[in-house]
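Trainee: Could we go through the charged side-chain pairs of this model together, one question at a time?

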Amino acid sequence: MSGLDTPDIQAAYDAVRSDKDETNWLLISYAGNVGDKLSLTATGSGGLAEVAEKLDDSQAQYAYVRVEYANDSESKRVKFILVVWIGEGTKFMRKARVSIESGNVKSALSHHSISVDARDKGDLAEADIVKRLRAVGGADYNGGRG
C-alpha cells in the first residue's frame with residue numbers, strides 16, 4: 001500500500017504517540033477514487049469528537065487516536081486506537097478492498113490497543129471506546145464501570 005511510509009504520515013504518527021505533543025489524532029484518506037495510495041488528510045488535538053467531525057461519509061478512511069482516561073482518582077491511562085472508517089456513501093469496490101488493505105494500515109500504525117470498525121459516527125462515542133479499552137487494558141479499578 002503506497003503512501004503509508006511518507007515522512008508526513010510518520011511525523012504525524014510520532015506526534016500522536018508523543019507525551020510532549022498536543023496532537024492526539026491523525027486521519028489518513030485514499031488519494032483518489034481508485035488505487036490504494038493513501039495520504040495524510042488532517043491532524044488535531046480535539047480527540048475522538050474532533051475525529052468524528054472530520055470523517056467523510058463518502059469515503060473509507062483510517063484514524064489513529066490517542067485516548068486518555070482516568071484509571072482511578074490517582075492515575076490516568078493512555079491508549080491508542082485505530083479507526084477503520086467506511087462511510088455510508090463509500091463506493092462498493094472501495095468497501096470491498098478495505099477489508100484487505102486495512103491490514104497494511106494496521107501494520108504501519110501498529111501500536112494500538114484496539115481497532116474500531118466504524119460505519120456511523122456514533123461508533124466513536126468516547127464512553128464506549130473507553131469501556132472497550134478498559135476491557136483489554138488489564139487492571140480496572142472502576143469495577144468495570146465506564
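**Salt bridges in the predicted model**

Mentor: In this predicted model, D19 and R66 form a salt bridge whose closest N and O atoms are 2.5 Å apart.

Trainee: Which parts does the pair of D19 and R66 tie together, and how many residues apart in sequence are they?

Mentor: D19 lies in the loop between α1 (7–17) and β1 (25–30), whereas R66 belongs to strand β3 (residues 60–72). The salt bridge therefore ties the loop to the strand, and in sequence these parts are apart by 47 residues.

Trainee: Is R66 buried or exposed?

Mentor: Its partner D19 has a relative accessible area of 68%, and is exposed. For R66 the relative accessible area is 9%, and because buried means under 20%, R66 counts as buried.

Trainee: Which residues do salt bridges that share partners join into one network?

Mentor: Besides the pair of D19 and R66, the side chains of E68 and K76 meet in a salt bridge at 2.9 Å, N to O. Of these two, E68 is partly exposed with a relative accessible area of 35%, while K76 is exposed at 58%. Through shared partners, salt bridges join into one network the residues D19, R66, E68 and K76.

Trainee: What is the N to O distance at which the side chains of R94 and E101 meet?

Mentor: Both R94 and E101 are buried. Their side chains qualify as a salt bridge because the cut-off is within 4 Å, and the N to O distance is 3.9 Å.

Trainee: How many salt bridges does the count come to by this rule?

Mentor: The pairs discussed here include D19 with R66 and R94 with E101. By the rule of within 4 Å, the count comes to 5 salt bridges.

Methods. Residues are numbered from 1 along each chain as its sequence is written. This is a predicted model: local features need pLDDT of at least 70, side-chain atom pairs count only at pLDDT 80 or more; totals for chains, interfaces and linings use all residues. Side-chain values use heavy atoms; hydrogens and water are left out. Helices (H or I, at least four residues) and strands (E, at least two) are DSSP runs, numbered from the N terminus. Buried means under 20% relative accessible area, exposed over 50%, partly exposed in between (1.4 Å probe, protein chains only).
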